[in-house]
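Biologist: I should be grateful for a close look at a single part of this model, with its setting in the chain explained afterwards. Please begin at the surface and then proceed to the interior.

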Amino acid sequence: MKPTVPWMQENFDFLNDKYFGGRLRRPQFGVMFDRKNWGYYMPNGNYNRWTREFYQEGTGKIYLNGNFSRSEHSLQETLLHEMIHMYINTVMKLYPRDPHGDEFNNFA
């Protein structure tokens with residue numbers, strides 16, 4: 001299957017309730033066509049590189065790759081991965097230097 005915006009919205013709500021206690025606000029969604037990334041979370045806001053604080057403005061966007069047909073489970077795993085990035089930015093209010101560093105690994 002290939003991701004669609006309605007599929008992402010429905011699965012975001014399900015995963016948000018299951019793993020995040022409904023704490024995430026629904027972001028914008030999009031389908032991207034990339035050769036190397038399965039998905040991408042793009043926060044909206046400003047980052048202070050001296051204090052490492054991120055000032056969130058809005059919920060951001062989550063993109064899933066529409067180039068390849070994948071199982072629904074695989075797409076859900078990618079969506080959940082991007083939601084963890086979103087959680088770190090919007091709930092924990094962090095913007096780590098390494099997006100797959102301690103903050104991410106401690107959550108995952």
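Modeller: Val 5, Val 31 and Phe 33 together make a nonpolar surface patch of about 250 Å² in this predicted model. One member of the patch, Val 5, belongs to helix α1. Its relative accessible area is 31%, so Val 5 ranks as partly exposed, given that the partly exposed class lies between 20% and 50%. For the chain as a whole, the accessible surface amounts to about 6,600 Å², and carbon and sulfur atoms account for 48% of that area.

Helix α1 spans residues 5-20 and also holds Asn 11. In contrast to the partly exposed Val 5, Asn 11 has a relative accessibility of 5% and therefore counts as buried, the limit for that class being under 20%. The side chain of this buried asparagine has a polar partner: a polar contact of 2.6 Å links the side chains of Asn 11 and Gln 76. Leaving aside residues up to four places away in sequence, Asn 11 touches Glu 72, Gln 76 and Leu 79.

Leu 79 leads on to the interior, as it is one of the residues of the largest nonpolar core that touch the most other members. That core has 19 residues, and Phe 12, Phe 20, Leu 24, Ile 62 and Met 83 share this distinction with Leu 79. Two or more residues of the core come from each of α1, β5 (61-65) and α2 (72-90). Helix α2 gives the most, with eight residues. In soluble globular proteins, nonpolar side chains tend to be buried together.

Phe 20, another of the core residues named above, lies within the 5-20 span of helix α1. With residues up to four places away in sequence left out, Phe 20 touches Leu 15, Leu 80, Met 83, Ile 84, Tyr 87 and Phe 107. Among these, Met 83 is itself listed with the core residues that touch the most other members.

The wider setting of these details is as follows. The chain contains three helices and five strands, and from the N terminus on its elements follow the order α-β-β-β-β-β-α-α. Of its 108 residues, 38% are buried. As to contacts between residues at least 6 apart in sequence, 62% join residues at least 24 apart.

Definitions and conventions. Residues are numbered from 1 along each chain as its sequence is written. This is a predicted model: local features need pLDDT of at least 70, side-chain atom pairs count only at pLDDT 80 or more; totals for chains, interfaces and linings use all residues. Side-chain values use heavy atoms; hydrogens and water are left out. Helices (H or I, at least four residues) and strands (E, at least two) are DSSP runs, numbered from the N terminus. Buried means under 20% relative accessible area, exposed over 50%, partly exposed in between (1.4 Å probe, protein chains only). A polar contact is a pair of N or O atoms within 3.5 Å; within protein, one must be able to donate a hydrogen and the other to accept it, and residues adjacent in sequence count only if both atoms are side-chain atoms. Contact means heavy atoms within 4.5 Å. Patches are made of residues with over 30% relative accessible area and no salt bridge: like charges are joined within 9 Å, nonpolar side chains (Val, Leu, Ile, Met, Phe, Trp, Tyr) within 5 Å. Accessible areas come from the Shrake-Rupley method with a 1.4 Å probe; for residues, only the protein chains shown count as cover. A salt bridge is a side-chain nitrogen of Lys or Arg within 4 Å of a carboxyl oxygen of Asp or Glu. A nonpolar core is a set of buried Ala, Val, Leu, Ile, Met, Phe, Trp, Tyr and Cys residues joined through side-chain atoms within 4.5 Å.
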